[in-house]
Amino acid sequence: MARVFNFSAGPATLPEAVLKQAAEEMLDWHGSGQSVMEMSHRGKEFMSIAAQAEADLRELMGIPANYKVLFLQGGATLQFAMIPINLLRGKSSADYVNTGEWAKKAIKEAKQYCQVNVVASSEDRNFTYAPAQADWKLSRDAAYVHYTANETIGGVEFHWTPQTGDVPLVCDMSSNILSRPVDVSKYGLIYAGAQKNIGPAGLAIVIVRDDLIGQVLPKTPVMLDYKTHADNESMYNTPPTYGIYIAGLVFQWLKQRGGLAAMEKHNREKAGLLYACLDQSKFFVSPVAKADRSLMNVPFTLKNAELDEEFLKGAKARGMVQLKGHRSVGGMRASIYNAMPVEGVKALVDYMKEFEAKHG
Ligand SMILES: *Cc1c(COP(=O)(O)O)cnc(C)c1O
């Protein structure tokens, strides 16, 4: 069977070139006579794979030398707890921006460890926009400020970097990391689960300024202390080796394609096609404020929800899958991460026009 265009929000489509290379190297990685999955994480082969992956990520994102790159497990969700556990550093409160489902989960978990100040929220308009910086009521004594750069479910993305002065800025970048250049030096900590824009599920990446490490809450399990992982090059215990390897191949693929500036261009082109289709349509509706539309996750509804099933069925017949919207939003959602080729978006737009002509 031909490969489908997979619009899943995560685990998401991976670059075909990466999957082919992994297949070629499956039984014998670089003459080692073994698969990466079977290697000792302390052997020189795997150590070289991990070191290369980190070096390539540093190069792609321009990560300054005073930041640690950690390859962890537990998904982005474990970071909802690890962040307050590690970054409170004697303080008793943190600032959070509430922009939707993922921000709410981060807030809920942080409340177990500290006072959470919700300093801005888009709940008043059902989480369809990014609150402007002017409306953030930052506290003076917060340990850090947390926001969600791209709300994967709502399809709302910050197209600007918040300013928080001396208070470290912490960002959940799970669903838009590597989609465009970012100035890492503006952040105290950036984290992401891998399964959207990096690689397979099971790996999470944390990029953290080194002066923020080393002051965890008492009785913190050793695995939840960033220092454990920073001091041991993410190999205190057995890391998710195969996930790190695939992530490394994705980093190489990104470099070959011209890095993050080229990715941004590519992503703007793809999202532009889809939003232009939505804006011209009298049948499909995008709920998100134009200025804050995500380049990665594009939710939309059909004028007549009774046609949802038929739309999905027709899409599947044309080789396009996972377009059903999140249960909390309904309608459709097209996730068009880095690895989604422009052909996939064109096929979707053609199908939407055809469907509207028939049912609009
Ligand atoms: C997917 C996602 C998460 C949760 O990631 P897990 O790796 O499943 O824990 C958190 N935040 C955002 C923005 C996401 O898209």
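Two strands are taken as paired if DSSP finds at least two bridges between them. With that in hand, the predicted model can be read strand by strand. An open sheet is built from three strands in the order S11-S12-S14, and the pairing is antiparallel. Strand S11 (284-285) and strand S14 (332-335) each have a single partner strand and stand at the edges, so one side of each is left without a neighbour in the sheet. Between S11 and strand S12 (residues 297-302), the antiparallel pairing runs over two bridges. Within this part of the sheet, Val285 is found opposite Thr301 in S12.

Aromatic contacts come next. A pair of aromatic rings is described by the distance of the centres and the angle of the planes. Across the whole structure, 16 aromatic pairs are found. In one of these, the ring centres of Tyr147 and Phe158 are 5.0 Å apart and the planes meet at 85°, so the pair is edge-to-face. Tyr147 belongs to strand S5 (residues 145-148), while Phe158 sits in the loop between strand S7 (156-157) and strand S8 (169-172), so this pair ties together parts that are 11 residues apart in sequence. Both Tyr147 and Phe158 are buried.

An edge-to-face arrangement is also seen for Phe311 and Phe355, because their planes stand at 85°, with the ring centres 5.1 Å apart. Here Phe311 comes from helix H8 (residues 308-317) and Phe355 from helix H9 (residues 342-359), so the pair ties together parts that are 44 residues apart in sequence. Phe311 and Phe355 are both buried. They also belong to a cluster linked by ring pairs, whose members are Phe283, Phe284, Phe300, Phe311, Tyr351 and Phe355. A ring can be met by a charge as well: the charged end of Arg125 sits over the ring of Tyr129, 3.9 Å from its centre.

Turning to charged pairs, the structure holds 15 salt bridges. One of them joins Lys255 and Asp56, whose closest N and O atoms are 2.7 Å apart. This pair links distant parts of the chain, with Lys255 in helix H6 (residues 241-256) and Asp56 in helix H2, 199 residues apart. The two partners can be set side by side: Lys255 is partly exposed, with a relative accessible area of 31%, whereas Asp56 is buried, at 2%.

A salt bridge also brings together the side chains of Asp211 and Arg209, at 2.7 Å from N to O. Asp211 is partly exposed at 42% relative accessibility, and Arg209 is partly exposed with a relative accessible area of 22%. For Lys290 and Asp279, the N to O distance in the salt bridge is 3.9 Å. Lys290 is placed in the loop between S11 and S12 and Asp279 in helix H7 (residues 259-280), so the pair ties together parts that are 11 residues apart in sequence. Lys290 is exposed, with a relative accessible area of 60%, while Asp279 counts as partly exposed at 40%. In addition, a network of salt bridges links Arg3, Glu16 and Lys20.

Finally, the surface offers a nonpolar patch formed by Met26, Leu27 and Met37, which together have about 330 Å² of accessible area. Met37 is located in the loop between helix H1 (16-24) and helix H2 (44-61). With a relative accessibility of 49%, Met37 counts as partly exposed, because the exposed class begins over 50%.

Methods:
Residues numbered from 1 in each chain as written. Predicted model: local features only at pLDDT ≥ 70, side-chain atom pairs only at ≥ 80, totals over all residues. Heavy atoms only, no water. Helix = DSSP H or I, 4+ residues; strand = E, 2+ residues; numbered from the N terminus. Patch = residues over 30% accessible without salt bridge, like charges linked within 9 Å, V, L, I, M, F, W, Y side chains within 5 Å. Areas by Shrake-Rupley, 256 points an atom, 1.4 Å probe, with all protein chains shown as cover. Salt bridge = Lys/Arg side-chain N within 4 Å of Asp/Glu carboxyl O. Buried < 20%, exposed > 50% of the residue type's maximum accessible area, 1.4 Å probe, protein only. Phe/Tyr/Trp six-rings, centres within 6.5 Å; stacked < 30°, edge-to-face > 60°. Lys NZ or Arg CZ within 6 Å of the ring centre and 35° of its normal.
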